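Please look through the structure shown here with attention to how its helices and strands are covered. The paragraphs that follow take up a few of these elements in turn.

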Amino acid sequence: MRFKDLSFVILTAYLISFSSSAYAKLHIIIDPGHGGSDKGANYYGIKESDITLSVAKKLHALITKDNKLQSSLLRSKNNNLSLPERVSKAQEASGDLYISIHVNANRNRSIYGPEFYFQSQLSPDKEALYLAGVENQELSDKLRIRNWEENSWPAIKTAQGDLRNILFDMQRISHIKKSSKFAQQLYMNWQPKRRRKSVSLRQAPFYVISNSNMPSVLIELGYITNKKDMRKLRSKGFQSKVVKSIYNGIKEYQKRLLL
Ligand SMILES: [Zn+2]
């Protein structure tokens with residue numbers, strides 16, 4: 001391939017990566033983690049899959065009232081949905097932002113607080129890797145690669161050799177950058193600064209946020225294994241507060257797209 005052709009393909013890919021639907025309705029994909037026979041974390045008689053669905057439905061209802069936003073729920077019932085199916089559904093719906101909702105658990109019951117994750121850039125620490133393994137279930141590497149390729153920029157599908165590698169890197173960097181901005185907005189809107197000590201912003205290779213081609217964040221709402229968090233998580237009042245905070249984060253992100 002000549003240098004001119006190479007520059008053209010890279011420029012096209014670059015423009016695609018920065019084209020956003022800033023002026024259209026922002027489409028939010030809401031993914032309630034687990035479901036069906038996969039209950040997720042299950043402690044004190046409370047199932048993660050029920051909490052994620054309840055929060056996701058509330059978020060969907062709130063977004064529906066906003067005429068500058070729209071949302072799609074990946075599941076609205078207690079049904080099984082594999083991780084590749086979630087990513088495929090999000091891509092088919094042509095979402096602009098992806099929010100995966102989960103609840104955490106730890107053997108150490110004193111650990112508490114919400115965590116916000118976006119795709120990892122550097123090697124994640126051991127804890128994050130462990131967590132990613134739990135939420136990723138057991139997907140084969142082959143499946144991961146296939147899904148990543150299916151969801152890549154159109155220019156990558158026809159490119160070969162070095163060009164393909166360059167475009168892959170560009171796509172990955174762009175995805176991480178946008179996801180990081182989105183995660184920061186959600187994190188900053190969660191609580192006022194002075195009370196944000198217990199909230200973490202982290203990177204981890206969770207399947208759904210690494211394989212979807214839109215800015216993606218996975219939220220662990222709190223630790224079901226911690227009694228204080230558990231009481232909050234099951235409370236409808238806390239769930240509504242959480243939903244309002246996620247909604248505010250989305251609105252901030254949208255505002256910045258227009259700047
Ligand atoms: Zn989970």
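In this predicted model, helix H10 buries Val242, Val243, Ile246, Tyr247, Gly249, Ile250, Tyr253 and Gln254. These residues lie on the same side of H10, because they cover an arc of only 155° around its axis. On the face turned away from that buried side, H10 carries the exposed residues Gly237, Lys255 and Arg256. The length of the helix can be checked as well: at 1.5 Å a residue, the 22 residues of H10 (residues 236–257) should span 32 Å, and this agrees with the 32 Å that separates its end C-alpha atoms.

What, then, covers the buried residues of H10? The cover includes two helices, H2 (48–64) and H7 (161–190), together with the strands E1 (26–32), E4 (69–73), E5 (97–104) and E8 (216–223).

Of these elements, H2 has buried residues of its own, among them Ile51, Leu53, Val55, Leu59 and Ile63. Its 17 residues should span 24 Å at 1.5 Å a residue, which agrees with the distance of 24 Å between its end C-alpha atoms.

Strand E5 is mostly covered, with 8 of its 8 residues buried, and the burial extends to both faces, where Leu97, Ile99, Ile101 and Val103 lie on one side and Tyr98, Ser100, His102 and Asn104 on the other. E5 pairs with E1 in the parallel sense over 5 bridges, and in this pairing Tyr98 of E5 is the bridge partner of Ile29. E5 also pairs with E8, again in the parallel sense, over 6 bridges, with Ile99 standing opposite Val217 in E8.

Terms used: Residues numbered from 1 in each chain as written. Predicted model: local features only at pLDDT ≥ 70, side-chain atom pairs only at ≥ 80, totals over all residues. Helix = DSSP H or I, 4+ residues; strand = E, 2+ residues; numbered from the N terminus. Expected span 1.5 Å × (residues − 1). Buried ≥ 20, exposed ≤ 12 C-beta atoms within 10 Å, placed from the backbone. Arc of directions from axis to C-beta. Contact = placed C-beta atoms within 7 Å. Pairing = 2+ DSSP bridges.
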